[in-house]
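Trainee: I would like to learn how to read a protein model. Could we go through one together?

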Amino acid sequence: MSVDPARDVLDAESRATGDDHDALRVWLRLLATTHGIEALVRGRLQARFGITLARFDYLAQLERSPQGLRMRELSERLMVTGGNVTGLTDALEAEGHVVREADPDDRRAFRVRLTPAGRRVFRAMASEHERWIVEIFAQMAPRDVARLRDLLGQVKQQVRSIGGARPIAGARP
């Protein structure tokens, strides 16, 4: 795969030099790769479905929790403010994708869940999203993809062990 230096000049990895520690260079490459994948997915979601990545992520959280989630839980999982979740909820509720209900366990809280229409729309988007991600890794051998996943898992565990990230309640390990 060839790299076009003119296009890649402004990504995070371009800050690295040969004098930098390999760990720093790997981190910058991860950052640049993540941003690149995110930009690709963000653009495709907008072009294909007219939806933002934030809305897609919101719907994905609800898809994984058929019983619904409290607004506070959505805020924690999405790592955004309660105000952002309220705005997303208002818009998606108006579009008929989610419904907000009183939480039977806490009268002060609301629980949000996908509507049947929201579930259908999300599943169509998720199916294409998965194809896009598979496309990104298509040139790698399956064993290399598995190895990369394992290596990144080790880094993730190290980050957690030194206190840099905490698991999100209800998230997959």
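What follows is a short dialogue on a helix, a core and some strands.

Mentor: This is a predicted model, in which local features need pLDDT of at least 70, side-chain atom pairs count only at pLDDT 80 or more, and totals for chains, interfaces and linings use all residues. Residues are numbered from 1 along each chain as its sequence is written, and side-chain values use heavy atoms, with hydrogens and water left out.

Trainee: What span should helix α6 have?

Mentor: Helices (H or I, at least four residues) and strands (E, at least two) are DSSP runs, numbered from the N terminus. The expected span is 1.5 Å times one less than the number of residues. For the 21 residues of α6 (116–136) that gives 30 Å, and the end C-alpha atoms are 30 Å apart, which agrees.

Trainee: Which residues of α6 are buried?

Mentor: Buried means under 20% relative accessible area, exposed over 50%, partly exposed in between (1.4 Å probe, protein chains only). In α6 the buried residues include Phe122, Met125 and Trp132. Their cover includes α2 (22–49), α3 (53–63) and β3 (106–114).

Trainee: Which residue partners do Leu69 and Val98 have in β3?

Mentor: Two strands pair if DSSP finds at least two bridges between them. Strand β1 (residues 69–70) is joined to β3 by two bridges, antiparallel, and Leu69 has Val112 as its bridge partner. Strand β2 (residues 98–103) pairs with β3 over six bridges, also antiparallel, and there Val98 is partnered by Leu114. A hairpin of two residues joins β2 to β3.

Notes
Contact = heavy atoms within 4.5 Å.
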